[in-house]
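Student: I would like a close look at a single part of this model, namely its open sheet. Please take me through how the strands are arranged, and then add what is worth knowing about the parts outside it.

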Amino acid sequence: MNSYSEVQIDGCTVRVVDAPRVESVRSRMPEQEDLVDTAEVFGLLGDPNRLRLLLALLDGELCVCDLAAVTGQSESAVSHALRLLRAHRVVAVRRAGRMAYYRLEDAHVRMLLDLAIAHTGHTQAIHPERGGND
């Protein structure tokens, strides 16, 4: 028994079908800064080379040299990627003398990776951005 209503949003008139639900969802929406931070984390995960590094860390901590060997990237590229991931608290570092060992920051990062891999493992993407649905 929802009735249509019209709401003024940023100069546009938008048709709203379920106003109470719209308001409920809007009230739970994270603050803009939190949305930006979350989008940045997903952006970091969206790079295949950084994702390869993170997947290598699922089994535990590794040093830059070993991460380079596992992923086929240069140590310089690995170090740069790890700096970005560390700045966004996706990975953490443990220093032992001159060596630095990287690991996933916490269980949330592991869950994100596990869920993403599980999702792609049981679905077939259409990839419209690649020019087809092969």
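Tutor: What follows goes through the sheet strand by strand, then turns to a loop and a surface patch.

The model is predicted, so a word on confidence comes before the details. The mean pLDDT of the chain is 89, and 89% of its residues reach 70 or more. Confidence is highest in strand E3, at a mean of 98, and lowest in strand E1 (residues 5-9), at 64.

Now the sheet. Three strands make up an open sheet in the order E3-E5-E4, and their pairing is antiparallel. Strand E3 (62-63) and strand E4 (91-96) are the edge strands, each pairing on one side only. In general, the strands of a sheet pair through backbone hydrogen bonds, and the pairing is either parallel or antiparallel.

Take the E3 side. E3 and strand E5 (residues 99-104) run antiparallel and are joined by two bridges. Leu-62 has Tyr-102 of E5 as its bridge partner.

On the other side, six bridges pair E4 with E5, again in the antiparallel sense. Here Val-93 has Tyr-102 in E5 as its bridge partner. Tyr-102 is thus a residue to find in the picture: it is the bridge partner of Leu-62 and also of Val-93.

E4 and E5 also form a hairpin, with two residues between them. Gly-97 sits in that turn and has a positive phi of about 65°.

Next, a loop outside the sheet. Gln-73 lies between helix H4 (64-71) and helix H5 (75-87). Is Gln-73 buried or exposed? Its relative accessible area is 13%, and buried means under 20%, so Gln-73 counts as buried. The side chain of Gln-73 has two contacts to look for. One reaches the backbone oxygen of Asn-49 at 3.2 Å. Another is a polar contact with the side chain of Thr-71, also at 3.2 Å.

Last, the surface. Val-25, Met-29 and Leu-35 form a nonpolar patch there, with about 230 Å² of accessible area together. Val-25 belongs to helix H1 (residues 19-28). Why can Val-25 be part of a patch? Patch residues need over 30% relative accessible area, and Val-25 meets that cut-off because its value is 32%. Val-25 is therefore partly exposed, whereas Gln-73 is buried.

Technical notes. Residues numbered from 1 in each chain as written. Predicted model: local features only at pLDDT ≥ 70, side-chain atom pairs only at ≥ 80, totals over all residues. Heavy atoms only, no water. Patch = residues over 30% accessible without salt bridge, like charges linked within 9 Å, V, L, I, M, F, W, Y side chains within 5 Å. Areas by Shrake-Rupley, 256 points an atom, 1.4 Å probe, with all protein chains shown as cover. Salt bridge = Lys/Arg side-chain N within 4 Å of Asp/Glu carboxyl O. Helix = DSSP H or I, 4+ residues; strand = E, 2+ residues; numbered from the N terminus. Buried < 20%, exposed > 50% of the residue type's maximum accessible area, 1.4 Å probe, protein only. Pairing = 2+ DSSP bridges. pLDDT = per-residue confidence, 0-100. Polar contact = N/O pair within 3.5 Å; in protein donor to acceptor, adjacent residues only side chain to side chain.
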